[in-house]
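Subject: Structure handover

Hello,

Here is the structure I promised to pass on. Please open it alongside this email, as my notes follow the chain and the fold.

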Amino acid sequence: LGGLSGEAVQRLELRSLLQWLVESVDLSQQVVFECGPREADVAVGGRRVVLHRMATWRLGAAAGPALGGARGEKALKLSVPLELQAQVVGLLLNARRRGGPTEAEICQWAEAWELLGAEV
């Protein structure tokens with residue numbers, strides 16, 4: 001990756017993440033939850049983020065036994081704001097049908113989204 005620009009590296013990382021999510025997210029069981037009062041915000045990745053209603057899905061068997069949440073372990077989940085749920089599900093389902101995200105989808109998501117990891 002030494003010869004690639006920061007933007008190219010970011011796109012490669014996003015491609016890898018999206019492919020992993022396409023293979024791992026269990027869309028058959030969605031949970032909607034409230035994060036707190038309507039105006040509540042939390043620190044995520046050094047930023048203040050307003051979270052209200054979220055949709056979440058477990059990461060399944062493709063995530064590996066330790067990540068899938070064996071008995072007594074915390075399972076990893078993908079959580080998104082409820083208002084973006086349809087967009088995220090659409091991306092994952094379309095990419096699943098094709099075996100992975102297209103270059104156009106990766107570029108679109110790289111420009112429109114900032115992905116932040118957080119432990120909650």
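Below is what I found, topic by topic.

**Overall make-up**

Please keep in mind that this is a predicted model. The protein has 4 helices and 5 strands. Read from the N terminus, the elements go α-β-β-β-β-α-β-α-α. Of the 120 residues, 23% are buried. Sequence-distant contacts are well represented: of the contacts between residues at least 6 apart in sequence, 56% join residues at least 24 apart.

**The three-stranded sheet**

An open sheet is built from 3 strands in the order 1-4-5. The pairing in this sheet is antiparallel. Strand 1 (25–34) and strand 5 (77–81) are the edges. Each of them has a single partner strand, so one side of each lacks a neighbour in the sheet. From one strand to the next, the twist averages 25°.

Strand 4 covers residues 53–59 and pairs with strand 5 over 5 bridges. The sense there is antiparallel. One position to look up is Arg58, which stands opposite Lys77 in strand 5.

Helix 3 (residues 85–98) packs on this sheet. The helix touches strand 1, strand 4 and strand 5. The direction of helix 3 makes about 175° with that of strand 1.

**The nonpolar core**

In soluble globular proteins, nonpolar side chains tend to be buried together. Here the largest nonpolar core has 17 residues. Leu21, Val25, Trp57, Leu78, Val80, Val88 and Leu92 have the most contacts inside this core. Two or more residues come from each of helix 1 (6–24), strand 4, strand 5, helix 3 and helix 4 (103–112). Helix 3 gives the largest share, 5 residues.

What does Val80 touch, leaving aside its neighbours within four places in sequence? Its contacts are Met54, Ala55, Trp57, Gln85 and Val88. Two of the names, Trp57 and Val88, are also on the list of residues with the most contacts inside the core.

**Helix 1**

Helix 1 has 19 residues. From first C-alpha to last, helix 1 reaches 27 Å, close to the 27 Å expected at 1.5 Å a residue. The buried residues in this helix are Val9, Leu14, Leu18, Leu21, Val22 and Ser24. Which elements cover the buried residues of helix 1? The cover includes strand 1, strand 4, strand 5, helix 3 and helix 4. Leu21 deserves a second look: this residue is buried in helix 1, and Leu21 is among those with the most contacts inside the largest nonpolar core.

**The hairpin of strands 2 and 3**

Strand 2 (residues 41–44) and strand 3 (residues 47–50) run antiparallel. They are joined by 4 bridges. The hairpin has 2 residues between the strands. Gly45 takes a positive phi near 55° in this hairpin. Ala43 has Arg48, in strand 3, as its bridge partner.

Val42 lies in strand 2 and stands opposite Val49 in strand 3. Is Val42 buried or exposed? Neither label applies: at 36% relative accessibility, Val42 counts as partly exposed. Leaving aside neighbours within four places in sequence, Val42 is in contact with Arg47, Arg48, Val49 and Leu51.

**Glu105**

Glu105 sits in helix 4. Its relative accessibility is 12%, and the cut-off for buried is under 20%, so Glu105 counts as buried. Not counting residues up to four places away in sequence, Glu105 touches Leu91, Asn94 and Arg98.

**Cysteines**

A disulfide is a covalent bond between the sulfur atoms of two cysteines. How many disulfides does the structure hold? The count is 0. Cys35 is partly exposed, at 35% relative accessibility. Cys107 is partly exposed too, with a relative accessible area of 23%.

**Where to start**

I would open the sheet with order 1-4-5, then bring in helix 3, which packs on that sheet. After that, turn to the 17 residues of the largest nonpolar core. The hairpin of strand 2 and strand 3 can come next. Finish with Glu105 in helix 4.

Best regards

Terms used. Residues are numbered from 1 along each chain as its sequence is written. This is a predicted model: local features need pLDDT of at least 70, side-chain atom pairs count only at pLDDT 80 or more; totals for chains, interfaces and linings use all residues. Side-chain values use heavy atoms; hydrogens and water are left out. Two strands pair if DSSP finds at least two bridges between them. Axes are lines fitted to C-alpha atoms, for helices over the stretch in contact, and angles run from 0 to 180 degrees between N-to-C directions. Contact means heavy atoms within 4.5 Å. A nonpolar core is a set of buried Ala, Val, Leu, Ile, Met, Phe, Trp, Tyr and Cys residues joined through side-chain atoms within 4.5 Å. Buried means under 20% relative accessible area, exposed over 50%, partly exposed in between (1.4 Å probe, protein chains only). The expected span of a helix is 1.5 Å times one less than its number of residues. A disulfide is a pair of cysteine sulfur atoms within 2.5 Å.
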